[in-house]
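Colleague: I would like to go through this model one question at a time. Please give the reasoning before each answer.

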Amino acid sequence: MQIDADTALLEQAEFVASPNFDDYPDAEDISLLVIHNISLPENDFSSDDVILFFTNQLPVDKDPYYKKIENVRVSAHLFIRRDGRVIQFVPFNKRAWHAGVSEFLGRQGCNDFSLGIELEGADDIPFTEVQYKSLATVSKVLLKKYPKITMERIIGHSDIAPDRKTDPGPSFSWQKYKHLLD
C-alpha cells in the first residue's frame, strides 16, 4: 500500500471526492492522526449514507436525525468500512474537516495539522478484525510518509474534543490497534 506522490491519494483506496476540504496552513506541519467512528443512521452499517454525508448528498428525509445535520459540512481523509474497504474523500495534502473545535497539547484547531480516519462503527459496538488490519496498514503508510506523526500523536476524537465527542469509544481497542502497528 502506498500514497501516490502526484495525487496524495492512497493508491489502493476507492476515491470519492468530498467538497469539504481546503488547504492546510502549512502542509509540512502534519503531525497528528485522529481516529473517529461514524455510522448513519446511528448503529446501522448497511447504507452508504456516510459517503453521502461527506459529499453533501445526504437524503435528509430518510432519517429524523438527518434534518439536524443537513447543513453540516464535514469530511475525513479516509473511511474504513466494516469489511475493511478503504474510501478516501480528501487527498492527504489537503485539510479535511473532521476534528471541529479541538485542542491537542495546548494547540487549537487540530484540522490544521492532522489527518482524520473514520471507522464505520459506534462507540459501543466492537469493530471488526479486518477494520483493525486495514487501519493498521494505512497507519503504517501514513507514519512513514508523515514522520511528525508518532505513536504518541495517534489519538481519538474524544482526546481532542472531550466535551463534545466520545469516539472512537470504549469498544475501540487501542491495545489491539497499537499491537498491529508494531
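Colleague: Which residues of α3 are buried?

Modeller: This is a predicted model. A residue counts as buried when its relative accessible area is under 20%. In α3, the residues that meet this are Gln131, Tyr132, Ser134, Leu135, Ala136, Val138, Ser139, Val141 and Leu142.

Colleague: What do the buried residues of α3 pack against?

Modeller: Contact here means heavy atoms within 4.5 Å. By that rule, the partners of the buried residues of α3 are β3, β4 (78-80), β5 (86-88), β9 (114-120) and α5 (174-181).

Colleague: How far does α3 reach from its first C-alpha to its last?

Modeller: Helix α3 covers residues 129-145, which is 17 residues. At 1.5 Å a residue, 24 Å is expected. The value in the model is close to that, at 25 Å.

Colleague: Which element gives the most residues to the largest nonpolar core?

Modeller: The largest nonpolar core has 27 residues, and among those that touch the most other members are Leu33, Ile35 and Leu142. At least two residues each come from β3, β4, β9, α3 and α5. The element that gives the most, with six residues, is α3.

Colleague: Which residues of the second, separate core can you name?

Modeller: In soluble globular proteins, nonpolar side chains tend to be buried together. Apart from the largest core, this model has a second, separate one of 17 residues. Its members include Val50, Val60, Phe89 and Ala96.

Colleague: Is Asn111 buried or exposed?

Modeller: Asn111 sits in the loop between β8 (107-108) and β9. Its contacts include Tyr24, Arg95, Trp97 and His98. Because its relative accessible area is 12% and the cut-off is under 20%, Asn111 is buried.

Colleague: How far apart in space are Asn111 and His98, C-alpha to C-alpha?

Modeller: In sequence, Asn111 and His98 are 13 residues apart. The two residues also touch. From C-alpha to C-alpha, the distance is 6.7 Å.

Colleague: Which residues lie nearest the centre of the largest pocket?

Modeller: The largest pocket holds about 750 Å³ of space. Its lining has 32 residues, divided into 13 nonpolar, eleven polar and eight charged. Those nearest the centre are Asn37, Ile38, Phe53, Tyr65 and Lys165.

Colleague: How many charged residues are in the lining of the second largest pocket?

Modeller: The second largest pocket, with about 240 Å³ of space, is lined by 15 residues. By class, eight are nonpolar and one is polar. The number of charged residues is six.

Note on methods: Residues are numbered from 1 along each chain as its sequence is written. This is a predicted model: local features need pLDDT of at least 70, side-chain atom pairs count only at pLDDT 80 or more; totals for chains, interfaces and linings use all residues. Side-chain values use heavy atoms; hydrogens and water are left out. On a 1 Å grid over the protein atoms alone, a cavity is a set of points where a 1.4 Å probe fits but cannot get out, and a pocket is an open set with protein on both sides within 12 Å along at least five of seven lines; lining residues have an atom within 4 Å of a point. Grid points are joined across faces, edges and corners, and a volume is the space filled by probe spheres set on the points. Ala, Val, Leu, Ile, Met, Phe, Trp, Tyr, Cys and Pro count as nonpolar, Asp, Glu, Lys and Arg as charged, and the others, Gly among them, as polar. Helices (H or I, at least four residues) and strands (E, at least two) are DSSP runs, numbered from the N terminus. The expected span of a helix is 1.5 Å times one less than its number of residues. Buried means under 20% relative accessible area, exposed over 50%, partly exposed in between (1.4 Å probe, protein chains only). A nonpolar core is a set of buried Ala, Val, Leu, Ile, Met, Phe, Trp, Tyr and Cys residues joined through side-chain atoms within 4.5 Å. Lists of a residue's contacts leave out its neighbours within four places in sequence.
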